[in-house]
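The following exercises ask the reader to work from a strand residue outwards to the sheet and then to the ligands. Each task is followed by a solution in steps.

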Amino acid sequence: MKAEPKNFPQSGASSAGVGMWYLTGILGGLKITLTHLLRNLFFKKKRITLNYPEEKYTYSPRFKGNHVLTVKKDGSLRCTACMLCATACPAECITIVAAEHDDPRVEKYPIKYEIDMLRCVFCGFCEEACPVDAIRMGPEWQTPDLADGNFIYDIKRLAYRPQLKGGVLSVVDDEERHQAGI
Ligand code: SF4
Ligand code: SF4
């Protein structure tokens, strides 16, 4: 069966009508673009974007960002190297090496505690699993770096990086802990 020819606009008047339709659309688009450009130039407070990295968004303290190993009042690590966080971690990115503590009341402590941030999925399970408030996830979220090795966060970086200003104090008190037998 012979196919019917399609009805495209052929006359000069119809072509001019289609051209005007496009022109209206283009002018409408330019108006929106110019409105946003002028508003962003002259009304900075109304901007919904930030000039990153000069300007940074401040997240809530409850934001689950980079990990922090908390410290005791004397500045030593709160962690007892119980391995619960490493066991709960679905990404298997926590490595802990435990050692015996000189203080007989403290069973163990970590001589090595590392988190591979390139494998971490920021799920928060480690924080939930810890029985002594030794690991928390803080509001810091920036992790860019230049070499693979710098994404393995060690004790120095997790507990004593400059941003922590000497370390984050754990809410678990030593004496209360010893009385509770943990
Ligand atoms: S946040 Fe999740 S993936 Fe990351 S170290 Fe903790 S448990 Fe592992
Ligand atoms: S669960 Fe807490 S105390 Fe146990 S190894 Fe992890 S950070 Fe340390």
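**Exercise 1.** Determine in which strand Val97 is found, and whether Val97 counts as buried or exposed.

Solution. Val97 is found in strand E2, where strands (E, at least two residues) and helices (H or I, at least four) are DSSP runs numbered from the N terminus. The model is predicted: local features need pLDDT of at least 70, side-chain atom pairs count only at pLDDT 80 or more, and totals for chains, interfaces and linings use all residues. Residues are numbered from 1 along each chain as its sequence is written, while chains are lettered from A and ligands numbered from 1 in the order in which they are written.

Next, count the neighbours. A residue is buried if 20 or more other C-beta atoms lie within 10 Å of its own, exposed if 12 or fewer, and partly exposed in between, with C-beta atoms placed from the backbone. Val97 has 10 C-beta neighbours inside 10 Å and therefore counts as exposed.

**Exercise 2.** Identify which residues Val97 touches, not counting residues up to four places away in sequence.

Solution. Contact requires C-beta atoms, placed from the backbone, within 7 Å. On this basis Val97 touches Pro110, Ile111 and Lys112. As a further step, consider Tyr109, 12 residues from Val97 along the chain: the two C-alpha atoms are separated by 8.5 Å.

**Exercise 3.** Establish the strand order of the open sheet and explain why E2 and E5 each have a side without a neighbour.

Solution. Two strands pair if DSSP finds at least two bridges between them. E2 and strand E3 (residues 108-116) are antiparallel and share seven bridges; among the partners in E3, Lys108 bridges Glu100 and Tyr113 bridges Ile96. E3 and E5 also run antiparallel, joined by two bridges, and Asp116 stands opposite Ile152 in E5. The order of the three strands is thus E2-E3-E5, with antiparallel pairing. Strands E2 (94-100) and E5 (152-153) stand at the edges with a single partner strand each, so one side of each is left without a neighbour in the sheet.

**Exercise 4.** State which residues come nearest to ligand 1, and how its shell divides by class.

Solution. A residue is near a molecule if its C-beta atom, placed from the backbone, lies within 6 Å of it. Of the 14 residues around ligand 1, Cys89, Cys120, Cys123, Phe125 and Cys126 come nearest.

For the classes, Ala, Val, Leu, Ile, Met, Phe, Trp, Tyr, Cys and Pro count as nonpolar, Asp, Glu, Lys and Arg as charged, and the others, Gly among them, as polar. The shell around ligand 1 has 13 nonpolar residues, one polar and no charged.

Conventions: Two residues are in contact if their C-beta atoms, placed from the backbone, lie within 7 Å.
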